[in-house]
Amino acid sequence: MEQQAYILDGMYGGMLIMSSLQGFILAAILLFHERLKSRSNRFLALSLFAISIVVLYDVSYYLQLNNLADSILTYLPIYATSPISIGLYFFVTYLIYPNHQLASFERWWPAPIILEIVMQVILIFVYGATESGTIQISEEALLLIEQSIGLLTSLLVVPIAIKKVYDYQTYLRENYSTLDHKDLKWLRQALYIKYGLTLLWL
């Protein structure tokens, strides 16, 4: 039974690693392939890159790695979930409106990402400190703040993205006789799934 559990853990870990690598590769293609270069794809690449990093951290946690890779992940301030939602929001925005000019509130889009990275940097010093009850409480508080930033970002921007898709679909129905090759229901459904997962995480 124990050997079977190791095999299952290894298979699951392998699947996560492959998923993460595929995310990195697809993000790189979207960023550097000449025919795919666009504002919308750059932000989609941001989402994919963030998802891939989160998956790598999940692999480390699930397999309880105690090696160099785990140490690098622990002390590298790159874990952030807010880029996933921000990337999706601007992917939708620039996909629908390629010449979109940033609104005043949209100019603050890097803020949640910077805040999460700052929390990660602070956590590095916490991890490196001597373990004690105070350190553990501080660590838990910092992790809660960091996770809350990602959740709040998703709760705020994903509904706006959903509304953008809905308004665009309404505009198309009112101005075009057919929606062939213009239907974005798939995108709205994907955003609903993302928002549902956020609510489940609460």
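Tyrosine 89 touches Phe105, Glu106, Val157, Ile160, Ala161 and Lys164, leaving out residues up to four places away in sequence. Contact here means heavy atoms within 4.5 Å. Tyrosine 89 is found in helix H4. Its relative accessible area is 4%, so tyrosine 89 is buried. The cut-offs are these: buried means under 20% relative accessible area, exposed means over 50%, and partly exposed lies in between, with a 1.4 Å probe and protein chains only. One of the contacts spans a long stretch of sequence: tyrosine 89 and alanine 161 are 72 residues apart in sequence, yet 5.3 Å apart in space, C-alpha to C-alpha.

This is a predicted model, in which local features need pLDDT of at least 70 and side-chain atom pairs count only at pLDDT 80 or more, while totals for chains, interfaces and linings use all residues. Residues are numbered from 1 along each chain as its sequence is written, and side-chain values use heavy atoms, with hydrogens and water left out.

Now the overall layout. The protein has seven helices and zero strands. From the N terminus on, the elements run α-α-α-α-α-α-α. Helices (H or I, at least four residues) and strands (E, at least two) are DSSP runs, numbered from the N terminus. Of the 202 residues in the protein, 34% are buried. Take the contacts between residues at least 6 apart in sequence: 70% of them join residues at least 24 apart.

Start with helix H1, residues 2–32. Leucine 30 lies in this helix. Leucine 30 is buried, because its relative accessible area is 8%. Apart from neighbours within four places in sequence, leucine 30 is in contact with Leu36, Lys37, Asn41, Leu44, Ala45 and Leu48. For leucine 30 and alanine 45, the C-alpha to C-alpha distance is 6.1 Å, with their positions 15 residues apart in sequence. Serine 19 lies in H1 too. Serine 19 has a relative accessible area of 40%, so it is partly exposed. Serine 19 and leucine 56 are 37 residues apart in sequence and 9.2 Å apart in space, C-alpha to C-alpha.

Next, helix packing. Two packed helices are described by the angle between their axes and the distance between the axes. The axes of H4 (residues 82–96) and H7 (residues 185–201) come within 12 Å and cross at roughly 165°. Axes are lines fitted to C-alpha atoms, for helices over the stretch in contact, and angles run from 0 to 180 degrees between N-to-C directions. H4 and H7 are therefore roughly antiparallel to each other. The angle classes are under 35 degrees for roughly parallel, over 145 for roughly antiparallel, 65 to 115 for roughly perpendicular, and oblique for the rest.

Which residues of H4 and H7 make the contact? H4 brings Ile84, Ser85, Leu88, Phe91, Val92 and Leu95, and H7 brings Leu187, Leu191 and Lys194. By class, the contact has seven nonpolar, one polar and one charged residues. Here Ala, Val, Leu, Ile, Met, Phe, Trp, Tyr, Cys and Pro count as nonpolar, Asp, Glu, Lys and Arg as charged, and the others, Gly among them, as polar.

Helix H6 covers residues 133–175. Threonine 153 is found in H6. At 8% relative accessibility, threonine 153 counts as buried. Setting aside neighbours within four places in sequence, threonine 153 is in contact with Ser82, Ser85, Ile86, Pro112 and Val158.

Last, the charges. Side chains of opposite charge can pair when their charged atoms come close. A search of the whole structure finds two salt bridges. A salt bridge is a side-chain nitrogen of Lys or Arg within 4 Å of a carboxyl oxygen of Asp or Glu. Lysine 163 and aspartate 167 form one, at 2.8 Å, N to O. These two are four residues apart in H6, so about one helical turn separates them. Aspartate 167 is partly exposed, with a relative accessible area of 34%. Glutamate 34 and lysine 37 also meet in a salt bridge, at 3.4 Å, N to O. Glutamate 34 is exposed, at 62% relative accessible area. Lysine 37 is partly exposed, at 44%.
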